[in-house]
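Me: I'd like a close look at just one part of this protein. Could you walk me through that spot and then show me how it fits into the rest?

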Amino acid sequence: MSRAWLGAVCLAGLVSAAASDAIPMRETVDPALSSARFEVGLRLSGLVHGSFRQIEGELEPDGRRWRVQVRVDARELELDGPGWMERSTRSRSFLDVDRHPQIRFISAPFTRALLRSGGPLEGELHLRGRVRPVAFTLSPARCPRPGHGCDIRVSGMISRRDFGMTSQRMWLRDEVGFDFRVRLAEAPP
């Protein structure tokens with residue numbers, strides 16, 4: 001084998017090793033392509049759906065693992081229902097958006113493969129000035145590049161009581177469902 005050929009093989013090996021050990025980069029949520037929805041069950045007449053107009057966050061490396069952080073502005077709440085229901089949801093007895101305008105989820109570290117395979121995604125939910133552990137479900141990806149070619153979908157239920165929302169128990173069920181659909185911004189070239 002010639003020295004030139006051996007040098008080329010060694011160089012190719014180094015390039016390949018460097019690519020596989022590439023430093024993972026932080027990726028940001030694309031707010032224009034992402035959404036955060038919720039639903040609250042009414043005791044007598046089904047579900048009320050709502051969404052938040054503003055969502056932001058990051059997918060960040062944490063050693064050899066990853067961590068996701070998603071934030072929504074609770075003041076940007078839209079509710080599918082009568083105006084009194086939206087006012088009630090914003091009030092001190094429910095989300096208390098004036099005193100606690102941000103809702104935040106910070107995941108525990110996970111492997112990047114979880115974005116493709118789906119499974120439990122544990123973390124902390126910051127809501128109404130309280131922090132509680134939660135376990136959401138990450139849906140299996142529908143494409144090879146989750147967050148770029150398809151949504152990263154995270155959903156789950158929380159207890160209103162765990163976050164101090166104890167009013168209106170006659171009318172509202174305890175469970176609140178969340179559904180996040182996240183797209184990541186493309187990195188600049």
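Which residue in β11 stands opposite Ser155?

Reply: That's Asp179 in β11. Before we wander off from there, a bit of housekeeping. This is a predicted model, where local features need pLDDT of at least 70 and side-chain atom pairs count only at pLDDT 80 or more, while totals for chains, interfaces and linings use all residues. Residues are numbered from 1 along each chain as its sequence is written, and side-chain values use heavy atoms, with hydrogens and water left out.

Now, back to your spot. β10 and β11 run antiparallel, joined by eight bridges. A strand here is a DSSP run of E with at least two residues, numbered from the N terminus, and two strands pair if DSSP finds at least two bridges between them. β10 also has strand β9 (residues 130–138) as an antiparallel partner, through two bridges. There, Leu138 stands opposite Val154 in β10.

Zoom out and you'll find eleven strands in an open, antiparallel sheet, ordered β1-β4-β5-β7-β8-β9-β10-β11-β2-β3-β6. β1 (27–28) and β6 (77–79) stand at the edges with a single partner strand each, so one side of each has no neighbour in the sheet. Following the order past β11 brings you to β2 and then β3. β2 pairs with β3 (residues 46–52) in the antiparallel sense over seven bridges, and Gly41 stands opposite Leu47 in β3.

Your two strands also turn up around empty space. The whole structure holds two cavities of 30 Å³ or more. A cavity is a set of points on a 1 Å grid over the protein atoms alone where a 1.4 Å probe fits but can't get out, and lining residues have an atom within 4 Å of a point. The largest has a volume (the space filled by probe spheres set on the points) of about 110 Å³. Its lining has 13 residues, with Val68, Leu121, Ile152, Val154 and Val182 nearest the centre. β5 (65–73), β10 (152–159) and β11 (172–182) are the elements that give two or more residues to that lining. All 13 of those lining residues are nonpolar, a class made up of Ala, Val, Leu, Ile, Met, Phe, Trp, Tyr, Cys and Pro.

The second largest cavity comes to about 60 Å³. Its lining includes Phe38, Phe52, Ile158, Val176 and Phe178. This time β2 (35–42) and β11 each supply at least two lining residues. The lining splits into eleven nonpolar, no polar and no charged residues.

One last stop, a disulfide: a pair of cysteine sulfur atoms within 2.5 Å counts as one. The count here is one disulfide. Cys143 and Cys150 form it, with their sulfur atoms 2.2 Å apart. The link is left-handed, at -75° about the S-S bond.

Technical notes:
On a 1 Å grid over the protein atoms alone, a cavity is a set of points where a 1.4 Å probe fits but cannot get out, and a pocket is an open set with protein on both sides within 12 Å along at least five of seven lines; lining residues have an atom within 4 Å of a point. Helices (H or I, at least four residues) and strands (E, at least two) are DSSP runs, numbered from the N terminus.
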